[in-house]
There are 2 protein chains.
Amino acid sequence: MKHIFFLLLFLSGFSNLAQTDAELIKTIYNTSLTDGHSYQWLDHLSNQIGGRLSGSLNAQRAVEYTRDQLDSIGLDKVWLQPVMVPKWVRGTPEFAYIEIKPGETIPVNICALGGSVATPLEGLKAEVIEVQGIDDLKRMDASQIKGKLVFYNRPMDPTLINTFSAYGGCVDQRYAGAMEAGKLGAAGVIVRSMSHKLDDLPHTGSMSYGELPNAQRIPSAAISTQHAELLSGMLKLDPKIKFYFKQNCRQLKDVQSHNVIGEITGSEFPNEIITVGGHLDSWDLGDGAHDDGAGCVQSMDVLRLLKESGIRPKRTIRVVLFMNEENGLRGARKYAEVAKLKGENHVFALESDSGGFTPRGFSFDCSDSNYQHILNWKPLFEPYLIHYFQRGGSGADVGPLKGNNNVLAGLRPDTQRYFDHHHAASDTFDAVNKRELELGAATMTALVFLVDKYGINPINTTQQLKD
Amino acid sequence: MKHIFFLLLFLSGFSNLAQTDAELIKTIYNTSLTDGHSYQWLDHLSNQIGGRLSGSLNAQRAVEYTRDQLDSIGLDKVWLQPVMVPKWVRGTPEFAYIEIKPGETIPVNICALGGSVATPLEGLKAEVIEVQGIDDLKRMDASQIKGKLVFYNRPMDPTLINTFSAYGGCVDQRYAGAMEAGKLGAAGVIVRSMSHKLDDLPHTGSMSYGELPNAQRIPSAAISTQHAELLSGMLKLDPKIKFYFKQNCRQLKDVQSHNVIGEITGSEFPNEIITVGGHLDSWDLGDGAHDDGAGCVQSMDVLRLLKESGIRPKRTIRVVLFMNEENGLRGARKYAEVAKLKGENHVFALESDSGGFTPRGFSFDCSDSNYQHILNWKPLFEPYLIHYFQRGGSGADVGPLKGNNNVLAGLRPDTQRYFDHHHAASDTFDAVNKRELELGAATMTALVFLVDKYGINPINTTQQLKD
């Protein structure tokens, strides 16, 4: 038995690179699944801190907690990068009802959209006009809109397999719905929550008035999908019913916050930077476990798992927990701005911001040659049922790092459950499965390991142009 | 615009088979995601009926409900197939504690294993000996075991990506643990629950005494993973602590139950039967939503989705809801026995019994030539992120249909969350995501559509031997 063991050990010395990589990747996965820190970090972020809206005390606590945790895992550098962020506050809980006739009302669940103005102190009551989107609104006569509440009720398309595509097909209502309705003299906006699930939870999210003058800025709120169905049904019975809502959210002055950054300095090419990250801020209704506590703790564990797996990176590996992705993207812009000022060479940047579900693969924003280069690694991921290596977007926070020939990437987990939780009170720690989170962290670590070992950009831009 | 429409319609007449198949499969998925019945059926099975242990009133109600639902969707035939099943009953809730010293106790969560005998009426208290499995037990001296409670505490291996492999690596403790300990004179058996998750829920499941005489049949129960950890920790501090448990489960006489069967009779080859199914019985602690309510309602919807998608099968498509998979497999054996008696030709049988999670693909138990034939269809599933087409097992219920040259298959969903729920009080409807369930039903329907259209077994056995 012992002889066989030594024989195997001897033979392994002759194994090709792929085998060695496969072994190291197996070590990474095993370490994440048996000794990962992502889940305990997420437990703290979710249950000891909670929702982390930019500019809030909780966001500050999250900055300090993650900085301390990165300090504790023995990185070469850990620092905070100051950034001014918007501070929008929800105020007291919103209140809304459908008024069938004076004195006969049905309470409904709403929440103010992030960035919205308040209603008047006494609330706002008006007739409702239901539309299926901004195009629908624009086809109408302004006289039909004036003084009314515009109710955007286009649902997410259930036939799209990638639920992010369905989200992308609806979110204009939430983001620009109030701006467009405000221009036409509407009194306010109610938007169907961005969720496939029929339930009672309103889903918040960012909205913008663009350059609209203050007088045209009207309050906007999300309504739960069940109550959107109810409101729509009641409007069919009686178009004259009224809707009342009250919210006292407001935008305060910008405050200082921070991106949290840690790095393992590269042993051979310290100037080539590989970034991995998520966003530390979250909406305030849940505890931000999936969006994007999961991405933060996975990114933190990438550096720890590399160390625990005995890998000494040649390039600099940096974890960045971006502040303010949800309502401003100020952290991402600041990080890219500073990187540019310092002339840093960001060769690769990976974001996890699609929930902590079972990983399916990655989406890559890069050149043909880099994509082909990366595709060579795909078989190494097959034992972990990672099969999705497609070109496409990366992540909002790494987007500003886009260069001529670097690679941006996004982790792509299973998306089916994500919008049940996204931006709602149901985005909580208990909705995250430990193994799924840890598999995501391991998958990210394995990719970072390969990028560090083999680099990207095997053909430089000049050569590409010559071909 | 109208011209383009007719041009497209005209051109589509010339599209190749693959395109037509792709279009039909798209229709199947769209129908499941917008008008599937699987979720509403599961709601009823889970929330209006609940746990459906073989021989129970609930199992009978489930038989009647699913028969009625199959009747309502306009199949060519619907019938009940009688089968005698074992009837084991849990009795009153189990009770257990760790006794540190007389009068100082800590309550712990246990549940009787299915098939176990009761403890004495006053319960059973004894010292505990912890082992890591049956091999470990067999290495011990009988004097170490006699009169004690054997505590099997080998956990599921977290490094195995397929959680069913980890389950397979542990379940002998549950199934045969009491039989082996009984032979050595143990007083009872406590088994660590088969779950990756550290929580407070005991997970039941079947066990067997084999041919052991009644005198050696000792009571066995599962303990929650948290309390298994607690018990193990306390035994390290003091090996003399005692464990008390009380359960009054018992095995009653066999009773009559039924498999529920419905079919669409084939238009060209009615004697070639394609079977799709799950098992209607479940354990009693939860409502059996994942195991295997999901598989039943998905299988029912396969026939309905074929009809709704305008597909008229050439072969006979049969849905079978098997009774008694959990503690006897009597329904599956009866179905295969009757099929053999009637000389039925079962060319293909698909089972869904791995939870209602996002489908990843299928496992096929078949010949090389059939596997190669089936692999041709894999690209048709890529738009739905179905990538797993591997050879391997199928399902316990379709297993007895194994023939010389037919194909058995199992739906393979994402497995990471499954054992958090399996056989425990947490196997409930709320743990099933509507879209994930519907995607599974559509994926099964698409495969059944292709098997019906193209058949299997392009090379017969004789030809294979000649090659």
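**Note on the predicted model**

1. In chain A, pLDDT (the predictor's confidence in each residue, from 0 to 100) stays under 50 over residues 459–467. The model has 7 contacts beyond four places in sequence for residues 459–467 of chain A; a contact means C-beta atoms, placed from the backbone, within 7 Å. Where pLDDT is low, the predicted coordinates should not be read in detail.

2. This is a predicted model, in which local features need pLDDT of at least 70 and side-chain atom pairs count only at pLDDT 80 or more, while totals for chains, interfaces and linings use all residues. Residues are numbered from 1 along each chain as its sequence is written, and chains are lettered from A and ligands numbered from 1 in the order in which they are written.

3. Chain A has a mean pLDDT of 94, with 94% of its residues at 70 or more. Residues 5–18 of chain A fall below 50, and that stretch has 1 contact beyond near neighbours in sequence. The ipTM is 0.93 and the pTM 0.94.

4. Chain A superposes on chain B (least squares on C-alpha atoms of residues with pLDDT of at least 70 in both) by a rotation of 180° with 0.0 Å of shift along the axis, RMSD 0.0 Å. That is the relation of a two-fold axis. In chain A, the C-alpha nearest the axis belongs to A:His387, at 3.7 Å. The copies meet through the same surface, because 100% of the interface residues of chain A are also interface residues in chain B.

5. An open, mixed sheet in chain A holds 8 strands (DSSP E runs, at least two residues, numbered from the N terminus; pairing takes at least two DSSP bridges) in the order 3-2-9-5-6-7-8-4. Strand 3 (104–107) and strand 4 (110–112) of chain A stand at its edges, each with a single partner strand.

Methods: Two residues are in contact if their C-beta atoms, placed from the backbone, lie within 7 Å. Helices (H or I, at least four residues) and strands (E, at least two) are DSSP runs, numbered from the N terminus.
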